[in-house]
Amino acid sequence: MAEAIGFFLDGTEVSAEPGETIWQVANRRGIEIPHLCWLPKPGYRADGNCRACMIEIEGERVLAASCVRQPTPGMKVQTASERARFSRKMVFELLIGDQPDRAVAHDPNSRLWQWADKLEVSDSRFPQHPPGDGGAARRLHPVQSLRPRLP
């Protein structure tokens with residue numbers, strides 16, 4: 001049997017079982033990290049693509065998705081650094097910018113809105129795309145729209 005992995009989570013020495021993610025260790029210790037793509041229930045898979053669970057790892061240039069990142073021995077992780085909190089709020093602003101107003105949302109009490117409430121994100125400074133364009137107006141940079149489309 002493989003040995004537990006010792007690392008530091010918010011300044012406290014902790015251990016992870018082999019294969020366990022930073023999010024799972026934090027959750028086990030009662031540390032709440034926003035998450036959307038994964039739940040500890042059957043049928044959910046952590047993809048790390050929603051970026052809601054970003055954390056900061058000492059010595060690394062970019063933030064990491066805690067739901068897919070596994071700790072390494074001696075790693076120093078900050079779950080609530082200013083940089084991580086700012087990043088997560090920005091993610092929720094971007095996500096909310098693509099949603100209908102909460103009052104008319106399909107599920108105004110969804111996990112997205114619950115986390116937005118906890119992070120105190122009630123609206124987005126980013127412009128919404130016109131209904132029906134699938135976001136194309138915002139995705140294409142003016143230079144990209146001039147490029148020929150390949151089959």
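Which residue takes a positive phi in the hairpin of β1 and β2? Keep that question in mind as you move through this predicted model, and begin by selecting the two strands that form the hairpin.

**Stop one: the hairpin.** Select strand β1, which covers residues 5–9, together with β2, and you will find that the two pair in the antiparallel sense over five bridges. Next, pick out L9 and look across to β2, where T12 stands opposite. Two residues lie between the strands of this hairpin, and D10 is the residue with the positive phi, near 55°.

**Stop two: T21.** Follow the chain onward from β2 (12–16) into the loop that leads to α1 (22–28), and select T21, which lies in that loop. Is T21 buried or exposed? With a relative accessible area of 9%, T21 is buried. If you set aside its neighbours within four places in sequence and display the residues in contact with T21, you will see S66, C67, V68, R69, Q70 and P71.

**Stop three: the cysteines.** One of those contacts, C67, is a good place to continue, and at 5% relative accessibility C67 counts as buried. The cysteine sulfur closest to that of C67 belongs to C53 and is 3.7 Å away, which is too far for a bond because a disulfide needs the two sulfur atoms within 2.5 Å. Now select C50, which is also buried, with a relative accessible area of 17%. Its closest cysteine sulfur, in C37, is 4.3 Å from the sulfur of C50, and this too is too far for a bond. How many disulfides does the model contain by this rule? The count comes to zero.

Conventions:
Residues numbered from 1 in each chain as written. Predicted model: local features only at pLDDT ≥ 70, side-chain atom pairs only at ≥ 80, totals over all residues. Heavy atoms only, no water. Helix = DSSP H or I, 4+ residues; strand = E, 2+ residues; numbered from the N terminus. Buried < 20%, exposed > 50% of the residue type's maximum accessible area, 1.4 Å probe, protein only. Contact = heavy atoms within 4.5 Å. Pairing = 2+ DSSP bridges.
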